[in-house]
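Here are some short exercises to work through with the viewer open. Try each one yourself before reading the solution.

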Amino acid sequence: MDMDYGRFLSLSLEVGSKNIAHKGIAVRLDPGIGGVAHGEHFAVFDTDTLRLAAMWSGKRFVNWRSILFDGSHQTHSRISGPALFTNPNAPGWGEPGTGSFKDVRFRGRDGVTYGPIKKSWGNFKGLYLHNESVVFNYSVGETQILESPGLEGSKDHVVYSRTLNIGPRSKDLILQVAQREGMGLSFQKIDGLKSQENRFAVYGKLAPKKNDDQATLPKKIKWDGSQAIEIGSSKDFDFFKSDYTIFAKIKTKSRTASIFSRGPKNGRWAMGGMSFFIKGGSLHYDMGYVGAVRSRKRVSDGEWHDVAMTFEKAKNEVTLYVDGKKVGQGRLQPKEPGNNFGIFIGHTSNNFPGNNNAFKGEMAEVGFYNKIVEPSQLLKETKAKEGLIGWWKPGEFKEGKLADLSGKNHGGKSKKITVASPNITNSNPAGFAVLADLKGVEWIQGDGGALRLKIPAGKDAVRLKVLHTQVKNLEAVSAVSKLIATSIAPTSLSSKLKGGRRQWYGEITSEIKQEAADPNSPYVTENFSLPLQNPYSSWMRVGGFDFFKDANKAALCTWMGDVWLVEGVAQEKGKLKWKRIATGLYQPLGLKIRNEEIFVLGRDQITRLHDLNGDLETDYYESFNHDFQASEHFHEFAMDLQTDKDGNFYFMKGARHALDSNILHHGTLLKVSKDGSKLDVIAKGFRAPNGLCVNPDGSFLTSDQEGHWTPANRINWVEKGGFYGYMFSYLENQKKPTDYDRPLCWIDPEMDRSPAAQLWVEGSKWGLPDKSLINLSYGTGYIYQILHEKVDGQRQGGVVRLPIKIFPTGIMRGRFHPENGQLYLSGLFGWASNRPLPGGFYRVRYTGKDVQTPLGLHATDQGLILKFNSPVDAKRSGDPRRYQIKRWNYKWQSRYGSDDWKLSDGKKGRDTVKVDSVQVSDDGKSIFLKISDMAPCMQMSINYRISSASGQRLSHRIYHTIHKLGKAEPHLKDFK
């Protein structure tokens, strides 16, 4: 990627097998222009655990895989080169007082720990940026610590450094330095250093290690995660048009392992793949990028189990079995078959279901039927022949081949598995030294190949430097010893806390461009041109914005991690002035200015930006709150950032796509107290809630997107403690609800494939009445008005498109200008949308003409009542033939989306609703559609072609949800 991300970049980063820094801050260590993307030496610090997760070198920074970088799903970034060392996903410091490194954080359903360590143990506070230095600011217990990674030495002997300034300590502190499980650890004296405590710690023998590049495949399969079986021909295995059954007899302790798959012959998991596998110790079946069915029955217990799955095509239903008993069921609809797939035993792909996914343990048999077979039949030694496509006994694998006992000639051969994880350690030994201005600092050896450093208690602040390098042999130790002995003593980092030189020189200008508009339209759209041609190659996909008190100025964040200032936004036309003030943030999709301070929401934290020296650039990135948990899953966006009248912050957190939750905050509405000290879950049950509106009464509005457990797009009116339908959001104690809080309205994909944020109209300057409600669309680039009512305590309503030109990018965030009252919008293209322009910043200005759309919609026991802001033509509007109404329901289910289901007979399709008669009110501003068989429905479409009293054509489509029918009488007083 050519973009200059600055000296650091925040992201989830895989540094080794099953080792991901979920809230990683990766830092470039070598000098030079272009930021981290153009460096060769790097370190990554994990703010959850306060560990230095890895140091590495490589011609590339990372592999540039993620939805952010290359648009890929189910991927995340990993380091690109061999790591000098790694530290496990666990605390980077021992617990003050006990010295324990036991990870007591929240453990996800995948067995991985997530979230920050408790604040009494350690707390990340932020980072300082000073020229080419990054300084991490955190505490361990009551001790304040500053840490800065660096680079020393020469091209022949590169030395990585960690400079630490450690405040007064009432207790000994223990620092996790490195870990190389399974490698010997020894100590040597370094020439030129006086203190024996500062000996050179070495992992591995100081001798060249011979590489065996002539490894051959075994004559008998070894189920150790390095081998699998590839079936010779895949054409007879039908996963798309017929029923099928997969069965196996297995014994394993692996929590993640493939059993049988239709997988890509080379590369990564893809659409069209089918995998029968174990994840989290339990049985799963996955259709590539469609979804998964899982059981909760543990099979990774080291005991023999008969496992099976069936797929019934007529129902698209998957059923899982363990030892003859049904343990899981769900619906999955296969998509297109795709190309270049094979059939594999013991493997799926090099990144699915995990990076080390090949089977480990024992496998007695495995087979495939193109029909449904009862589990009792599968337990028999002699298999039924009808529909049997392949049957193998992997324990009888001989001479590189495996016979097919079905007689169908589907023999297999061994396949060497290449693990997708990076080579986390070099074959050459790594060495570590410490320079300190304090006596009593000593190395400690921990379990699992851990190298730790003990810093004794003391009343005075101390400085130390830990040096990391690599040595090939004993002769190289002498040269490295000289480098260490002559290394500059650990320095004070206080000089780096006051702001450095400017990073982002110059100001960029762009223009306000008015789009061509209908002269009769009540709105005109103006494009606030983004600084697309900028010196940093920043990809301007705008994730959020807000105005300063000087409302001619605004701040914007981009999904790529930037924050920009823009001046000139209040003027009607002219030039805009842009300046980049921050970068390196983790996929920010929300920004709020409070008391003239900029707060930015990333996937890792809310960051408060500080300019320490008055040059308008951010010198201190304060972690205002990082209590929420984060994983690497691509779908786990943190969306929008809003405040209430008291200054508390609110935002939405997405859930995993087609997978159950792993962490506490998947699919939640979250509140952060105004001082940043406390995090609370307000509501649950959200899938991909792209936007948030804080209502004056303390309730909220948010959208959600069609998917699994979400039969159609929806707009939710959210109350505290509510559950809004997505069963893969986090639910405590495995208790699954049997019902959900109803949305304000469902929106059929015909209307909008991806709704975003909602806004209340502020004042009377924008054409709609004050406190009207609108909805922005990421999926279509339209703006909709929300027509809503409350019947017997239940919110309901619908959406109708406003007469505003479609935008070329998905519209996600909006704010009304505090002075001119006009609507400002930002958006981006990053995942599924009809509007592919990468990013945009716009203003929608009211021209003064009437807005001819309905202002109200009421569902009553006698029919529908539409209300307008100006009179309609009584003759045209009174003709029932000018109205077409249909209605239908959806099914709340585990499969992706829902078909349409008639109310009349429960079959697929839509019912046509007859309009018996039409009345126009005395003032011409209301229409009563009399309908004799009114009934609640999840979705109703109302289409009409009428005209206003002034002759203007009115042709709209309303998508509407009716939970309850109100009484007609209160609304009919204006009708004759």
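**Exercise 1. A loop serine and a loop tryptophan**

Is Ser537 buried, partly exposed or exposed? Then compare its backbone and setting with those of Trp64.

*Solution.* Keep in mind that this is a predicted model.

Step 1: find the serine. Ser537 belongs to the loop that runs between strand S35 (523-528) and strand S36 (542-547).

Step 2: check its accessibility. The relative accessible area of Ser537 is 42%. Buried would need under 20% and exposed over 50%, so Ser537 comes out as partly exposed.

Step 3: look at the backbone. Ser537 has a phi near 55°, which is positive although the residue is not glycine. As background, most residues other than glycine have a negative phi.

Step 4: do the tryptophan. Trp64 also has a positive phi, near 55°, and it sits in the loop between strand S4 (51-57) and strand S5 (77-78). With a relative accessible area of 9%, Trp64 counts as buried.

**Exercise 2. Classify a ring pair**

Work out what kind of aromatic pair Phe868 and Tyr944 make, and say which parts of the chain they tie together.

*Solution.* Two numbers do the job: a pair of aromatic rings is described by the distance of the centres and the angle of the planes.

Step 1: get the total. The model has 63 aromatic pairs.

Step 2: classify this one. The ring centres of Phe868 and Tyr944 are 6.3 Å apart, which is inside the 6.5 Å cut-off. Their planes meet at 80°, so this is an edge-to-face pair.

Step 3: place the partners. Phe868 is in strand S60 (residues 863-868) and Tyr944 in strand S65 (residues 937-947), so the pair ties together parts 76 residues apart in sequence.

Step 4: check burial. Phe868 has 5% relative accessibility and is buried; Tyr944 is buried too, at 1%.

Step 5: stay in S65 for a moment. Ser941 is also in this strand, and its relative accessible area of 5% makes it buried. Leaving out residues up to four places away in sequence, Ser941 touches Gln884, Ile885, Lys886, Trp888, Ile958 and Tyr959. The C-alpha atoms of Ser941 and Val913 are 9.8 Å apart, with these positions 28 residues apart along the chain.

**Exercise 3. More rings, plus some charges**

Find a cluster of linked rings, then say which rings have the charged end of Arg580 or Arg795 sitting over them.

*Solution.* Step 1: follow the ring pairs. They join Phe237, Phe239, Tyr244, Phe260, Tyr285, Phe311, Phe368 and Trp392 into a cluster.

Step 2: look for the arginines. Arg580 puts its charged end over the ring of Trp504, 4.1 Å from the centre. Arg795 does this over Trp717, at 3.8 Å from the ring centre.

**Exercise 4. Trace an open sheet**

Which strands stand at the edges of the sheet containing S17 and S26?

*Solution.* Step 1: write the order. Six antiparallel strands make an open sheet, S24-S23-S22-S17-S26-S27.

Step 2: read off the ends. Strand S24 (325-331) and strand S27 (388-392) have a single partner strand each, so one side of each is left without a neighbour in the sheet.

Step 3: add the geometry. On average, neighbouring strands here are turned by 10° against each other, with direction ignored.

Step 4: zoom in. Seven bridges pair S17 (residues 244-251) with S26 (residues 362-369), and Phe247 faces Gly367 in S26.

**Exercise 5. A covered strand and the cores**

How many of the residues in strand S46 are buried, and what are its partners?

*Solution.* Step 1: count. Four of the five residues of S46 (residues 668-672) are buried, so the strand is mostly covered.

Step 2: find the partners. S46 runs antiparallel to strand S45 (residues 649-653), with five bridges, and Phe651 stands opposite Leu670. Five bridges also link S46 to strand S47 (residues 679-684), again antiparallel, where Val672 stands opposite Leu679.

Step 3: check the turn. The hairpin of S46 and S47 has six residues between the strands, and Gly676 there has a positive phi near 80°.

Step 4: turn to the cores. The largest nonpolar core has 63 residues, and those with the most contacts inside it include Leu669, Trp766 and Ile783. Strand S1 (residues 8-16) gives the largest share, four residues. A second, separate core of 57 residues includes Ala43, Val177, Ala178 and Ile593.

Definitions and conventions. Residues are numbered from 1 along each chain as its sequence is written. This is a predicted model: local features need pLDDT of at least 70, side-chain atom pairs count only at pLDDT 80 or more; totals for chains, interfaces and linings use all residues. Side-chain values use heavy atoms; hydrogens and water are left out. Rings of Phe, Tyr and Trp (its six-membered ring) pair if their centres lie within 6.5 Å; planes under 30 degrees apart count as stacked, over 60 as edge-to-face and the rest as tilted. Helices (H or I, at least four residues) and strands (E, at least two) are DSSP runs, numbered from the N terminus. Buried means under 20% relative accessible area, exposed over 50%, partly exposed in between (1.4 Å probe, protein chains only). A charge sits over a ring if NZ of Lys or CZ of Arg is within 6 Å of the ring centre and within 35 degrees of the ring normal. A nonpolar core is a set of buried Ala, Val, Leu, Ile, Met, Phe, Trp, Tyr and Cys residues joined through side-chain atoms within 4.5 Å. Two strands pair if DSSP finds at least two bridges between them. Axes are lines fitted to C-alpha atoms, for helices over the stretch in contact, and angles run from 0 to 180 degrees between N-to-C directions. Contact means heavy atoms within 4.5 Å.
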